[in-house]
Amino acid sequence: MKVVLLGTAAGGGVPQWNCACEVCVGVRAGRLPARTQDCLAVSGNGADWWLLNASPDIGTQLAATACLDPGPGPRDTPLRGVLLTDAELDHSLGLMTLRGAPGLRVHAPATVLHALADTRAVLDRYAEWTWRQVEPEQSVVLAGGLEVTAFPVSGKRPKYAGESPVAGHWVVAYRLFDPATGGIVLYAPCLAAWPPGFDDLVAEADVVLLDGTFYAPSEMGTATGRAGGQSAMGHLPITHTLPELRRHPRVRRVYTHLNNTNPVLDPTSAEHAKLCEAGVEVLPDGSVLEV
Ligand code: MLT
Ligand code: MN
Ligand code: ZN
C-alpha cells in the first residue's frame with residue numbers, strides 16, 4: 001500500500017495563525033518547515049485512494065499530491081472516500097471542501113456520524129454520498145483492496161459535541177492491511193491513554209503513525225488558541241508514549257498530529273534528539289510510505 005502524509009500538524013497547523021511561540025516564529029522566518037493539519041491518503045492499488053480524516057487544509061494538500069490529481073475525464077477523481085477517526089474540526093472540516101463530488105463514501109463511528117448531522121445535511125444538498133457506520137473490530141474492504149479495521153481508543157468528544165446524547169466510542173484508531181503485500185499500518189492520531197491491547201496492535205504493524213500532539217504534559221495548559229486544560233486533555237504526551245514505543249524497535253514509528261507547541265518540531269532540540277535515539281521519527285508533510 002501507499003500512504004501519503006498529507007498533513008502532520010495538530011489543529012491550527014504550524015504556524016498557527018494566532019501563535020507567536022518559538023516554533024511558529026521559526027516557521028515564519030523560514031528556519032523550520034510549515035506543516036498542515038493531520039490527514040493521510042492511502043491506496044492499495046495506486047488507483048483508488050482514501051483519505052484518513054479530512055483536514056481544513058485538504059484543498060492545498062490535494063493540490064500538492066500528484067497521485068490524487070483528477071482525471072482522466074474532466075470530473076473524474078481517484079478519491080473514493082474518507083475514514084474519520086473522530087469528529088474534531090481539524091479532522092472533519094475538509095469534508096465541506098469535497099462537496100459536490102458525487103459518490104464519495106464516508107466511514108465513521110456512530111458517535112461521529114451523529115455529531116456531524118448538520119454537516120451531513122449540508123453536504124447532502126451538493127451531492128449524493130454514502131455514510132457508513134464503522135463498527136469496532138469489524139473489517140471492511142475498501143475499493144483498491146485495503147482492509148480497514150477500527151479500534152476504539154478514547155471517549156474524548158469535540159467541545160461542540162459535549163451535549164450529544166450518543167454514548168460510545170468517540171475516537172478510533174484504524175489498522176490498514178494490504179493483502180497483496182501483507183503490510184499493516186496503524187494510524188492513531190488521538191490517543192488519550194495507552195489502551196489495553198494496544199501493544200499487540202503496535203507489535204503486528206509495519207508502520208505506526210501515532211498521536212504526537214504534545215511532548216510534555218506542561219504544554220497542555222499553554223496550547224495557544226485553544227482553551228488548554230480540559231480541551232487539550234485526551235492527547236497522551238510523548239513523555240508517556242515514547243517509553244511504550246521503545247518496546248517495539250522492529251516497527252517503523254512516526255509521530256504525527258504535532259501541535260505547534262511541541263519542541264520536537266525543531267530538529268536541533270534536545271527533545272528531538274530523544275526521539276532519534278529511540279528510533280522514532282517525525283516526517284515532513286508529503287512523505288510517502290510504501291508498506
Ligand atoms: C484535538 O485534537 O484535541 C482537537 O482537534 C482540538 C482542536 O479543536 O483543535
Ligand atoms: Mn486535533
Ligand atoms: Zn506556535
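**Metal sites and aromatic contacts in a predicted model**

The manganese ion (ligand 2) is coordinated at 2.1 to 2.2 Å by Asp90, through OD, and by His257, through NE2. Asp90 belongs to helix α3 (residues 89-92), whereas His257 lies in the loop between β12 (252-256) and α10 (270-278), so the pair ties together parts that are 167 residues apart in sequence. The structure is a predicted model, and the description that follows should be read in that light.

Both manganese ligands can also be described by their accessibility. Asp90 is buried, because its relative accessible area is 10%, and the threshold for this class is under 20%. His257 is likewise buried, with a relative accessible area of 3%.

A second metal site holds the zinc ion (ligand 3), whose donors are the SG atoms of Cys19, Cys21 and Cys24 together with OD1 of Asn260, at 2.2 to 2.5 Å. The angles among these four donor atoms run from 87 to 119°, and the site is tetrahedral. That assignment follows because four donors count as tetrahedral if all angles lie between 85 and 135 degrees. Along the chain, the donors of the zinc ion (ligand 3) follow the spacing C-x1-C-x2-C-x235-N. Of the cysteines at this site, Cys19 counts as buried at 3% relative accessibility, and Cys24 is buried with a relative accessible area of 0%.

From the metals the account turns to the aromatic residues. A search of the whole structure finds two aromatic pairs. One is formed by Trp129 and Trp131, whose ring centres are 5.8 Å apart and whose planes meet at 35°, so the pair is tilted. The reason is that planes under 30 degrees apart would count as stacked and those over 60 as edge-to-face, with the rest classed as tilted. Trp129 and Trp131 are both buried.

The rings of Trp194 and Phe198 form the other pair: their centres lie 5.0 Å apart and their planes stand at 85°, so the arrangement is edge-to-face. Trp194 is buried, with a relative accessible area of 16%. Its partner Phe198 is also buried, and here the relative accessible area is 1%.

A further contact involves an aromatic ring and a charge. The charged end of Arg99 sits over the ring of Tyr126, at 5.9 Å from the ring centre.

Conventions:
Residues numbered from 1 in each chain as written. Chains lettered and ligands numbered in written order. Predicted model: local features only at pLDDT ≥ 70, side-chain atom pairs only at ≥ 80, totals over all residues. Heavy atoms only, no water. Phe/Tyr/Trp six-rings, centres within 6.5 Å; stacked < 30°, edge-to-face > 60°. Buried < 20%, exposed > 50% of the residue type's maximum accessible area, 1.4 Å probe, protein only. Lys NZ or Arg CZ within 6 Å of the ring centre and 35° of its normal. Donors = N, O, S within 2.8 Å, 3.2 Å for Na, K, Ca; no water. Helix = DSSP H or I, 4+ residues; strand = E, 2+ residues; numbered from the N terminus. Tetrahedral: all angles 85-135°; square planar, octahedral: opposite > 155°, others 65-115°.
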